[in-house]
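Q: Please take a close look at one part of this structure, namely the side chains that meet through rings and charges, and describe it for a newcomer.

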Amino acid sequence: MKNLNQFSKFDWDKFVNGKTLMHVRTEEWTEYETGKHLGVKVYALITTDNTDYGNVGVELNLYEKLMIKVPRDLSIPKGAEIVPVNVVSNVYGEYRNQLSITAEDIEVASE
């Protein structure tokens with residue numbers, strides 16, 4: 001992902017403003033060591049990116065994929081526009097270009 005470093009104290013609401021997320025798939029989320037079921041991992045594609053990054057010539061995150069962990073089971077139609085609810089997110093990685101996202105829930109905005 002690009003331009004995440006400008007969100008050092010990561011502001012999910014600012015980052016997602018101007019973006020549309022489309023559900024791609026859902027997988028089980030399990031604890032690595034025990035295999036305990038924790039919920040689901042929802043994979044989404046950024047299909048619109050009108051976010052103001054504050055720089056001219058900044059690369060957008062259009063068509064980047066996101067993985068959102070949700071601590072409950074969900075059934076979301078493939079291709080639906082989704083909105084994560086009560087998000088906790090952090091930027092990490094050697095180049096600060098990775099994003100960890102956990103949401104309380106996912107709302108379906110349109111199918």
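A: A residue is called buried at under 20% relative accessible area, exposed at over 50%, and partly exposed in between, with a 1.4 Å probe and protein chains only. The model is predicted, so local features need pLDDT of at least 70 and side-chain atom pairs count only at pLDDT 80 or more, while totals for chains, interfaces and linings use all residues. Residues are numbered from 1 along each chain as its sequence is written, and side-chain values use heavy atoms, with hydrogens and water left out.

The charged pair of Asp 49 and Lys 19 is a suitable place to begin. Both residues are buried, and their side chains meet in a salt bridge of 3.5 Å, N to O. Such a bridge requires a side-chain nitrogen of Lys or Arg within 4 Å of a carboxyl oxygen of Asp or Glu. Because Asp 49 lies in strand 2 (residues 37-49) and Lys 19 in strand 1 (residues 19-30), the pair ties together parts that are 30 residues apart in sequence. Strands are DSSP runs of E with at least two residues, helices are runs of H or I with at least four, and both are numbered from the N terminus.

Lys 19 also leads to the aromatic residues. Its charged end sits over the ring of Phe 15, 4.0 Å from the ring centre; this term requires NZ of Lys or CZ of Arg within 6 Å of the ring centre and within 35 degrees of the ring normal. Phe 15 is buried, because its relative accessibility is 0%.

Ring pairs link Phe 15 with Phe 10 and Trp 12 into a cluster. Rings of Phe, Tyr and Trp (its six-membered ring) pair if their centres lie within 6.5 Å; planes under 30 degrees apart count as stacked, over 60 as edge-to-face, and the rest as tilted. Two aromatic pairs are found by this rule. Phe 10 and Phe 15 form a tilted pair, 5.4 Å centre to centre with 50 degrees between the planes. The pair of Trp 12 and Phe 15 is tilted too, because the planes stand at 45 degrees, with the ring centres 6.0 Å apart. Trp 12 and Phe 15 both lie in helix 1 (residues 12-16), three residues apart, about one turn of the helix. Trp 12 is buried at 8% relative accessibility, and Phe 10 is buried at 13%.
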